[in-house]
Structure formats: structure tokens, C-alpha cells
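Hi everyone, thanks for making room for me today. I have one structure to walk you through, so let me put it on the screen.

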Amino acid sequence: MTSPDTLQHITLHLARCAEFPEGSDRHGYSFRAPLDGRGHIDPLRWKETRRHCVVRRFWAGEADRRGQLIHKPGGAQGATWAFDYDASTTRDDEAGYRLGDHAFVPGEYVSIRDDAGAMHSFVVHQVEG
């Protein structure tokens with residue numbers, strides 16, 4: 001059994017975009033996930049620690065949202081990683097674009113579709129653990 005102490009703490013900041021030409025450290029996500037040696041989310045270890053794989057969405061001017069990192073059927077390679085803020089509905093899920101393919105190492109970019117359907121790019125700011 002994998003210990004929750006082995007999870008990495010990952011922080012994503014909004015990347016450069018039209019609204020924020022320099023990016024923004026006031027818009028992003030902070031979450032815990034098991035990463036393999038290459039920095040990819042490890043789905044087998046996630047199954048063992050899923051209740052500890054929490055997320056906090058921070059967005060300037062809005063209250064923080066807290067939820068879980070989930071792995072649900074559908075999408076590329078048969079499954080999609082997403083952030084879920086309310087287990088009773090899928091309307092609030094924010095899906096990552098091929099998050100299973102991306103290495104979570106500082107300086108790399110990932111994309112997440114918000115619950116309104118807009119895609120945003122984020123830079124991996126920090127990985128600890």
C-alpha cells in the first residue's frame with residue numbers, strides 16, 4: 001500500500017494569455033498526486049491514495065474551491081484526469097487535457113478546461129515532496 005506521505009504537492013500558475021500577458025500567480029491550482037520517476041501521474045498509486053489527492057483552485061477575486069483529483073472514463077487513452085469539487089455532479093468537473101501524458105516538472109505547461117468549458121494553460125510552478 002502506498003503511503004499518502006509519498007504524494008507530491010504540485011502548484012500550477014496561469015500561463016501567459018491575452019488577459020494576463022505575464023501570466024498570474026494569483027490564478028491556479030495546488031494539488032497532491034503520486035508522480036512516477038518521470039513526473040507523470042501514476043494511476044496505480046493514485047488508486048491507493050485517491051482520498052488524499054486533494055485540489056485547491058485559487059482564483060483572484062473568487063473564493064477558493066476544494067475538491068479531489070479524479071480519474072474518470074473517457075478521453076485520450078480511455079481515461080481523463082480531472083478536478084472534482086462536488087461528487088454529486090459532473091457539471092463542476094475541470095478536465096485536464098491529456099494530463100496523463102504530461103510531466104509535472106517546473107517550467108512545463110499543462111491545459112485545463114474549466115467548468116464553463118474554457119481551456120486555460122498553466123505552467124508548473126513547483127513540485128514538492
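I'll go from the core to the rings, then to the strands, and finish with a backbone angle and the cysteines. Please keep in mind that this is a predicted model.

Let's begin inside. The largest nonpolar core has 23 residues, and L12, F31 and F104 are those with the most contacts within it. Which strands feed this core? At least two residues each come from β1 (8-14), β2 (24-33), β3 (54-59), β5 (79-84), β7 (109-113) and β8 (119-128). As a general point, nonpolar side chains in soluble globular proteins tend to be buried together.

If you want one residue to click on, try L12. Leaving out residues up to four places away in sequence, L12 touches a long list of partners, including Y29, F31, F58, F104, V110, I112 and F122. Glycine and histidine appear there too, with G28, H27 and H125 among the contacts.

Now the rings. There are 6 aromatic pairs by the rule used here, and one cluster is formed by Y29, F31, W59, F83, F104 and F122. So F31 and F104, which we just met among the best-connected core residues, also belong to this aromatic cluster.

For those of you who like cation-ring geometry, there are two cases to look at. R57 lies over the face of W59, 4.4 Å from the ring centre. R65 does likewise with Y85, at 4.2 Å from the ring centre.

On to the strands, with β2 as our guide. Is β2 mostly covered or mostly open? Mostly covered: 7 of its 10 residues are buried. β2 runs antiparallel to β1, and 7 bridges join the two; in that pairing, H13 stands opposite G28. β2 is also antiparallel to β3, this time with 5 bridges, and S30 has R56 in β3 as its bridge partner.

Next, a backbone detail. R98 has a positive phi, near 50°, although R98 is not a glycine. Most residues other than glycine have a negative phi. Where is R98? R98 lies in the loop between β6 (94-96) and β7, and R98 counts as partly exposed because its relative accessibility is 39%.

Last, the cysteines. How many disulfides does the structure hold? The count is 0. Of two cysteines worth finding, C17 is partly exposed, with a relative accessible area of 32%, whereas C53 is buried at 0%.

That's my tour, and I'm happy to take questions.

Conventions: Residues are numbered from 1 along each chain as its sequence is written. This is a predicted model: local features need pLDDT of at least 70, side-chain atom pairs count only at pLDDT 80 or more; totals for chains, interfaces and linings use all residues. Side-chain values use heavy atoms; hydrogens and water are left out. A nonpolar core is a set of buried Ala, Val, Leu, Ile, Met, Phe, Trp, Tyr and Cys residues joined through side-chain atoms within 4.5 Å. Buried means under 20% relative accessible area, exposed over 50%, partly exposed in between (1.4 Å probe, protein chains only). Helices (H or I, at least four residues) and strands (E, at least two) are DSSP runs, numbered from the N terminus. Contact means heavy atoms within 4.5 Å. Rings of Phe, Tyr and Trp (its six-membered ring) pair if their centres lie within 6.5 Å; planes under 30 degrees apart count as stacked, over 60 as edge-to-face and the rest as tilted. A charge sits over a ring if NZ of Lys or CZ of Arg is within 6 Å of the ring centre and within 35 degrees of the ring normal. A disulfide is a pair of cysteine sulfur atoms within 2.5 Å. Two strands pair if DSSP finds at least two bridges between them.
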